[in-house]
Amino acid sequence: MSSFLSRYKFNIKIQEAVLMLITMLWGGTFLVVHHAMNVSGPFFFVGLRFATAALLLALFSWKTLRGLSWQEFKAGAWIGLAIACGYGLQTWGMQTISSSKSAFITAMYVPLVPLLQWLFLGRMPGLMSWIGVVLAFTGLLLLAGPEGDSLAFSAGEIATLLSTLAIAAEIILISACAGKVDVRRVTIVQLAVASACAFIFMLPNGESVPAFSPFLLYSAVGLGIASAVIQVTMNWAQRSVSPTRATVIYAGEPVWAGIVGRIAGERLPGIALLGGALIVLGVLISELKLKRKKKAKPSASPEPAGENR
């Protein structure tokens, strides 16, 4: 076993340790969002959540906005659009599926990252990535619960699955911009754009502003603070953590969401739990990198005595 593990690199930096902590926080937000759907429409809640996050962050960093460049605005706008699409579809799906199931399906974005990098950046995924994709997709089928000879994906599951494309795009965009822009300025822009887009998405979804409720206020403010912390941390940490390393850490998100959901009384069937386990296993395997042994250079043979070169 030790010889097997010695083939892999597991160097943990402080940025990676911080990402692990915010992943635990991130996983715990699923249950709050799920319950919030009882008092609010999905896109209004997402808009309110990120508006709160943007305002809170702007209060502490408003002076830095004076130096906002066009490059930073574009980066924040693209990331914000990806966030609005990802979180909006994910939240829409949680109207009909449990927070635990939503979290496991959301984890599908991890094996999608190397596939999207291949499609748009020309970086061919390795063998482990392909194995991870197959395992994760198999787990998705078990988690969704196919019936008979047909796949029984509900509308909520399909929306959540589509959200993974936007979340994968968010991870790639953050990494592409990391180190080139000011973290605080870009984070404020992306949160504000995510909020504005979510409010706009209310129109095609036929949503109206919900009646005031204390739970809606507390959950929006609480998740707004969590979102601000999560986004700032991601932008800061991914300046030195690669997309693949980051996605391995984010693989713990559905596990924490499942733990919180179970404490709250959610119960997934055994076949669904097996599917969730396969998704997490696929996530981890897709990011493993085998260390190839370097071939030893042949030693120079001594020249025969008396031979002229």
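Which elements of the chain have the lowest and the highest mean pLDDT? In this predicted model, helix α1 (residues 2-5) has the lowest value, 44, and helix α4 (residues 70-93) has the highest, 94. Over the chain, the mean pLDDT is 78. A value of 70 or more is reached by 83% of the residues. Two stretches fall below 50. Over residues 1-11 the pLDDT stays under 50, and the model has 15 contacts for this stretch beyond four places in sequence. Residues 300-309 are also below 50 in pLDDT, with 2 contacts beyond near neighbours in sequence. Where pLDDT is low, predicted coordinates should not be read in detail.

The chain contains 13 helices and 0 strands. Its pattern along the sequence is accordingly written α-α-α-α-α-α-α-α-α-α-α-α-α. Of the 309 residues, 48% are buried. Among contacts with a separation of 6 or more, 91% are between residues 24 or more positions apart. The chain exposes about 15800 Å². Carbon and sulfur atoms supply 68% of that area.

Helix α5 (residues 99-106) is largely enclosed by the rest of the structure, because 8 of its 8 residues are buried. The buried residues of α5 include Phe-104 and Ile-105. Polar residues of α5 are buried as well, among them Ser-99, Ser-100, Ser-102 and Thr-106. The list of buried residues in α5 also includes Lys-101.

Lys-101 takes part in one of the salt bridges, of which the structure holds 2. Its partner is Glu-157, with an N to O distance of 3.1 Å. This pair links distant parts of the chain, with Lys-101 in helix α5 and Glu-157 in helix α8, 56 residues apart. Both Lys-101 and Glu-157 are buried. Glu-157 belongs to helix α8 (residues 155-177). The relative accessible area of Glu-157 is 4%, so the residue counts as buried, the cut-off being under 20%. The side chain of Glu-157 also reaches the backbone nitrogen of Ser-154, at 2.9 Å.

Glu-72 forms a salt bridge with Arg-185. The closest N and O atoms of Glu-72 and Arg-185 are 2.8 Å apart. Glu-72 lies in helix α4 and Arg-185 in helix α9, so the pair ties together parts 113 residues apart in sequence. Glu-72 is buried, at 5% relative accessibility. Arg-185 is buried too, with a relative accessible area of 15%. Side chains of opposite charge can pair when their charged atoms come close.

Helix α10 (residues 214-237) takes part both in buried contacts and in a surface patch. On the buried side, Ala-220 has its place in α10. The relative accessible area of Ala-220 is 2%, and this residue is therefore buried. Leaving aside neighbours within four places in sequence, Ala-220 is in contact with Phe-45, Leu-48, Arg-49 and Thr-52. The C-alpha atoms of Ala-220 and Arg-49 are separated by 4.8 Å, although these residues are 171 apart along the chain.

A second long-range approach involves the loop between α9 (183-205) and α10, where Pro-210 is found. The C-alpha atoms of Pro-210 and Ser-40 are separated by 5.6 Å. Along the chain, Pro-210 and Ser-40 are 170 residues apart. Not counting residues up to four places away in sequence, Pro-210 touches Val-39, Ser-40, Phe-44 and Leu-216.

On the surface, a nonpolar patch is formed by Leu-25, Phe-212, Leu-217, Tyr-218, Val-221, Ile-225 and Val-229. Together these residues have about 680 Å² of accessible area. Helix α10 gives the most to this patch, with 5 residues. One of the patch residues, Leu-217, is found in α10. Leu-217 is partly exposed, with a relative accessible area of 39%. An α-helix has 3.6 residues a turn, so residues three or four places apart point the same way.

Methods
Residues are numbered from 1 along each chain as its sequence is written. This is a predicted model: local features need pLDDT of at least 70, side-chain atom pairs count only at pLDDT 80 or more; totals for chains, interfaces and linings use all residues. Side-chain values use heavy atoms; hydrogens and water are left out. Patches are made of residues with over 30% relative accessible area and no salt bridge: like charges are joined within 9 Å, nonpolar side chains (Val, Leu, Ile, Met, Phe, Trp, Tyr) within 5 Å. Accessible areas come from the Shrake-Rupley method with a 1.4 Å probe; for residues, only the protein chains shown count as cover. A salt bridge is a side-chain nitrogen of Lys or Arg within 4 Å of a carboxyl oxygen of Asp or Glu. Helices (H or I, at least four residues) and strands (E, at least two) are DSSP runs, numbered from the N terminus. Buried means under 20% relative accessible area, exposed over 50%, partly exposed in between (1.4 Å probe, protein chains only). pLDDT is the predictor's confidence in each residue, from 0 to 100. Contact means heavy atoms within 4.5 Å. A polar contact is a pair of N or O atoms within 3.5 Å; within protein, one must be able to donate a hydrogen and the other to accept it, and residues adjacent in sequence count only if both atoms are side-chain atoms.
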